Amino acid sequence: MTTIRLHDTKTRRKVEFAPIDPKDVRLYVCGPTVYDRAHLGNARPVLVFDLLYRLLREVFGAEHVTYARNFTDVDDKINARAAQTGRPIREITDETILWYHQDMDALGALRPDHEPRATDYVGQMVAMIERLALAGHAYAAEGHVMFSVASYEAYGALSGRDVEDMIAGARVEVAPYKRDPMDFVLWKPSAEGEPGWDGPVIEGESVGHGRPGWHIECSAMSYQLFGASFDIHGGGIDLQFPHHENEIAQSACAHPEGDFANVWMHNEMLQVEGKKMSKSLGNFFTVRDLLDKGIPGEVIRLVMLGTHYRKPMDWTEEKRAEAEATLTKWYSLLHTHGFTAKMVRDLKASGDWAMDAEFLGVLANDLNTPGAIARMHVLSSARTPAKLVPFVAALELMGLIEDWDALSDLAGAEAGPAIAPEVDAAVTALLTRRAEARAAKDWAEADRIRDLLNAAGVQVTDMGGQASWQPGPGFDASKLEGQA
RNA sequence: GGCGGGUUGGCGGAGAGGUUACGCAGCGGAUUGCAAAUCCGUGUAGACCGGUUCGAUUCCGGUACCCGCCUCCA
């Protein structure tokens, strides 16, 4: 069996991945707060952990891996959006979840097995908060329930921080209801009109109407779905502190019988043309923006996987173009070798389906996707359908082809603007004249016609004595007027 | 102020203490009437200064620069 090695943030070392139960490998990833379209940065962890999910399924068997990714559907940003638009919260979160699914589906990300919504687990959160209070790790104050950081001595282990240092840094929020500046909210009161639930009962007294703090949801939901110990917890590096540190504190104190997550994985951030993506710099865009511009999801996916997940990744126009060229080349290659949905099905059924061991080994080495892509380039140099099978298997594992019936569309460059019949007729007429000139070996005239067409952005290709054409960059039919 | 990450050839981007990353671009060649496409060949780079070592781009220390987190954030 392939050995998977993963970089564990907590120990800052690469570890051999040994699941608690190989028949039930459990992966939890922090999902989005659903108040708006997912931006490109949101797509990075989705794609990184989608690939981890696929790798785990490949190695342990699809039926032995469970992937959970939450939706945070209770949050001040959502409340603000509701207040600002006058729309019901549930309508906003439902709509955003729908968008999220559409956009991530377009990137070829598999749906997780569980997508728990925070609001469906408030009861479990309340129970966990009460449990923490009973064990002396939480206290009620002014309608809030706070987690007492001082009660958990291992606090800071994940992010390598020292509580004393952080207080010295003086960037912690001081609030009157905090016993200690580092303490964080488990439950907070809701005002009139804000979403709220009956709060936990602490020392025989109800805390009152309110809503959960942000961190508790992941602790409660992962416990409900996976139990006190599970294998991998993932998310963006920006969540390492405080979100994940707080999750650990809550889970470890509420369920000291478990280990919570054995391996912690964090992806680095995304930049755009060398700069942090931000609305003020004007380089902020959503996944939908890119898709609407005609950039296929596969292209976005290949660009993302072209940088190792633990390094900052820069989204650039140049990378987009290179990824698009690579994919078009690969899809055309398979198309010309006659790959179809049926052929792939038959290959899988016949036992001739084979995963390249080197490819899988590279990928299993802490999800080295750039290395895996490099290996795919080597595998793609095979020139018979049978020898291309390892390449095809790799392409599938990378999630770069979901629907083999779409191969011909993918292979034939992106469907450009429709060609008007009169333009087609004009080009064809010129090509006919060029064919006559070529037949007469009048190369000067033949090249003159091709130059003319090239000037209008028409790409002429001579194949097997036949000339064909496609609109290329800078295609402008008006330049052909009067030339036929 | 605290914590962490990065610096690789023209560009992107990996692994590995000593032997080809890979892709794009470029250059040379095959093929083609010429092109396109394709194929073959071609690149000794590793911020700077020290140290360890028979040998370091790869390990250790320092310097410089860049970036992220510490506040909602993937």
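Reader: Is Asp105 buried, partly exposed or exposed?
Author: This is a predicted model: local features need pLDDT of at least 70, side-chain atom pairs count only at pLDDT 80 or more, and totals for chains, interfaces and linings use all residues. Residues count from 1 along each written chain, chains are lettered from A and ligands numbered from 1 in written order, and side-chain values rest on heavy atoms, without hydrogens or water. Buried is under 20% relative accessible area, exposed is over 50%, and partly exposed lies in between (1.4 Å probe, protein chains only). At 35%, Asp105 is partly exposed.

Reader: Which side chain forms a salt bridge with Asp105?
Author: A salt bridge puts a side-chain nitrogen of Lys or Arg within 4 Å of a carboxyl oxygen of Asp or Glu. For Asp105, the N to O distance is 2.8 Å. The partner has a relative accessible area of 41% and is partly exposed. That partner is Arg111.

Reader: Why can side chains pair in this way?
Author: The pairing depends on charge and on distance. It can occur because the charges are opposite and the charged atoms come close.

Reader: How many residues apart are Glu396 and Lys348?
Author: Their side chains meet in a salt bridge, at 2.9 Å from N to O. Glu396 sits in helix H14 (residues 389–397) and Lys348 in helix H11 (residues 341–350), where helices (H or I, at least four residues) and strands (E, at least two) are DSSP runs numbered from the N terminus. The pair links distant parts of the chain, and the separation is 48 residues.

Reader: Glu396 or Lys348: which of them is buried?
Author: Lys348 has a relative accessible area of 41%, so Lys348 is partly exposed. The other partner has 17%. The buried one is Glu396.

Reader: Which helix holds the salt-bridge partner of Asp462?
Author: Asp462 meets Arg438 in a salt bridge, with N to O at 3.3 Å. Asp462 lies in strand S16 (residues 458–463), 24 residues from Arg438. Both are partly exposed: Asp462 at 32% and Arg438 at 26%. Arg438 belongs to helix H16 (residues 421–439).

Reader: How many salt bridges are there?
Author: Some share partners: Arg37, Asp103, Arg288 and Asp292 are joined into one network. The full count of salt bridges is 29.

Reader: How many residues surround RNA strand B?
Author: A residue is near the strand if one of its heavy atoms lies within 4 Å of it. The closest are Lys77, Trp214, Gly236, Leu239 and Arg450. Of the strand's atoms within 4 Å of the protein, 58% belong to sugar or phosphate, and the rest to bases. The residue count is 45.

Reader: Which residue has a polar backbone atom 3.3 Å from a base nitrogen of RNA strand B?
Author: Gly236 places a polar backbone atom 2.5 Å from a sugar or linking oxygen of RNA strand B. Asp238 uses a side-chain N or O atom, 3.4 Å from a sugar or linking oxygen. The base nitrogen faces a backbone atom of Gly41.

Reader: Which element gives the most to the surface near RNA strand B?
Author: Elements that give two or more residues there include helix H1 (40–60), strand S11 (229–236) and helix H17 (443–455). H16 and S16 are also among them. The top contributor gives four residues, and it is H10.

Key. Polar contact = N/O pair within 3.5 Å; in protein donor to acceptor, adjacent residues only side chain to side chain.
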